[in-house]
Amino acid sequence: MNLADMSLTQSQFSFKAACIQTNAQIDMAANLAAVSVLVRRAAADGAQLIVTPENVAFMAQDPAHLHSTAQPENTHPGVSTFSALAKETDAWVLAGSLNIQKIDHQKDQPGLVNRSVLFDPKGSIAARYDKIHLFDADPGDQESYRESATYCPGDQAVMAKTPWGAIGLSICYDLRFAHLYRVLAQAGAFLFTIPAAFTRPTGQAHWSSLLRARAIECGCYVLAPAQCGEHDGGRTTYGHSMIIDPWGRVMATTGDDPGYIMATIDPRQSLKMRSMVPALSHDRPFSGP
C-alpha cells in the first residue's frame with residue numbers, strides 16, 4: 001500500500017475521462033472512421049483520457065476471418081489511427097483492443113493476441129496489454145464462444161504510468177477474475193480500464209455488478225467502454241458503458257447506442273476510499289479447504 005499511496009499523492013489534480021461506445025462490424029476502415037469521430041468529440045468536450053471498447057477496429061465471429069484480417073502491431077491500421085488521434089487531440093487514448101498477429105508464435109498455438117494499446121499525447125505507445133483470460137463459454141441464447149481457438153492468452157499484468165498516477169489495463173472477460181485487479185491496485189493503480197464486448201445475456205445479468213465490485217474491492221475508478229448492438233454473424237453486445245468511482249457509485253453510463261460519456265476523475269478519491277476501508281492492506285495467508 002505504501003507504493004500506491006506515494007503514487008497517488010504525487011497527483012493532486014483532477015482530469016476528465018471519456019468512455020466511447022461503438023458498434024464495430026467487419027469493415028475496419030468504417031469502424032476506425034466512426035470511432036475517430038467520437039474520440040474527437042470527446043476531446044473537444046475536454047476529455048484528457050479517452051478509452052474505447054474491445055474489438056474497436058474489427059469484430060467478427062468467424063476465426064478464419066479474424067486470422068485473415070489480423071496484422072502485426074507495427075502495420076496495423078488501428079495502431080496508426082489511434083496514434084494519430086492521440087497526437088491530434090493532445091489526449092491519452094486507449095485502443096480498447098486490436099486483433100494483433102504475433103510474429104514469432106509457436107506453430108501449435110493460435111497466432112493472434114487480443115491487445116489493448118495505450119497512446120500518450122505524442123502518439124507514442126505508453127503501454128500494451130494482451131488479454132489474459134480468454135472467453136470460452138456458453139452464456140445462453142444458443143451462443144457459444146471459444147476465444148482460445150483464435151487467440152493466445154497473455155501472461156503479464158500491465159500498469160501504465162500517466163500524469164495522474166498509475167492505471168491498470170484489462171479486457172472484458174478479465175473482469176470476472178478479481179485477483180488480477182487486486183494485484184494491480186496493490187501495485188499502485190488508482191484506475192482500471194476495462195474495454196469490453198459483453199454478450200447481451202451476461203451483460204444484463206452481471207456487467208454492472210462486476211464493475212462496481214472491482215471498484216469497491218480495490219478503491220479504484222473504473223472506465224468500462226463497451227461494444228453495443230448487433231454484429232457480424234448475429235452476435236449482440238450489451239453496451240451500457242460505465243464510469244464508476246472508488247466507492248462503487250456509477251458516475252456516468254450509456255444506453256444501447258454508440259456515443260460517449262464523460263466524468264471528472266480525482267485520483268485523491270481513490271486514496272480517500274482506501275483510507276476509509278483499507279482492505280488492500282488486510283490480506284492474510286490461509287490454507288485451502
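These are my notebook entries on a predicted model, covering a sheet, a surface patch and several salt bridges.

**Entry 1, the sheet.** I began with the strand order and found an open sheet of six strands, arranged E5-E4-E3-E2-E1-E16 with mixed pairing. At its edges I noted strand E5 (125–130) and strand E16 (259–265), each of which pairs on one side only. From one strand to the next I read an average twist of 25°.

I then looked at one pairing in detail: strand E3 (residues 92–101) and strand E4 (residues 112–119) run antiparallel and are joined by seven bridges. For isoleucine 100, I found that the bridge partner in E4 is valine 113.

I also checked what packs on the strands, and saw that helix H2 (residues 28–44) lies across strand E1 (15–21), strand E2 (49–51) and E16, running at about 160° to E1.

**Entry 2, a nonpolar patch.** On the surface I located a nonpolar patch of about 300 Å², made by Trp247, Met276 and Val277. I placed tryptophan 247 in the loop between strand E14 (242–244) and strand E15 (250–253), and its relative accessible area of 39% makes this residue partly exposed.

**Entry 3, salt bridges.** My search of the whole structure returned 11 salt bridges, and I followed up some of them.

Arginine 115 forms one with glutamate 73, and I recorded 3.1 Å between the closest N and O atoms. This pair links distant parts of the chain, since arginine 115 sits in strand E4 while glutamate 73 is in the loop between helix H3 (63–69) and helix H4 (77–89), 42 residues apart. Buried or exposed, I asked of arginine 115? Arginine 115 is buried, with a relative accessible area of 14%, and glutamate 73 also counts as buried because its relative accessibility of 16% is under 20%.

Next I took the pair of arginine 146 and aspartate 138, whose side chains meet in a salt bridge at 3.0 Å, N to O; here arginine 146 is partly exposed, with a relative accessible area of 42%.

The third pair I looked up was aspartate 283 with arginine 182, again a salt bridge, at 3.0 Å from N to O. Aspartate 283 lies in the segment after helix H7 (267–276) and arginine 182 in helix H5 (residues 178–186), so this contact ties together parts that are 101 residues apart in sequence. Both count as partly exposed, aspartate 283 at 45% relative accessibility and arginine 182 at 23%.

Finally, I noted that salt bridges with shared partners join Glu73, Arg115, Arg128 and Asp130 into one network.

Definitions and conventions:
Residues numbered from 1 in each chain as written. Predicted model: local features only at pLDDT ≥ 70, side-chain atom pairs only at ≥ 80, totals over all residues. Heavy atoms only, no water. Pairing = 2+ DSSP bridges. Helix = DSSP H or I, 4+ residues; strand = E, 2+ residues; numbered from the N terminus. Axes fitted to C-alpha atoms, helices over the stretch in contact; angles between N-to-C directions. Contact = heavy atoms within 4.5 Å. Patch = residues over 30% accessible without salt bridge, like charges linked within 9 Å, V, L, I, M, F, W, Y side chains within 5 Å. Areas by Shrake-Rupley, 256 points an atom, 1.4 Å probe, with all protein chains shown as cover. Salt bridge = Lys/Arg side-chain N within 4 Å of Asp/Glu carboxyl O. Buried < 20%, exposed > 50% of the residue type's maximum accessible area, 1.4 Å probe, protein only.
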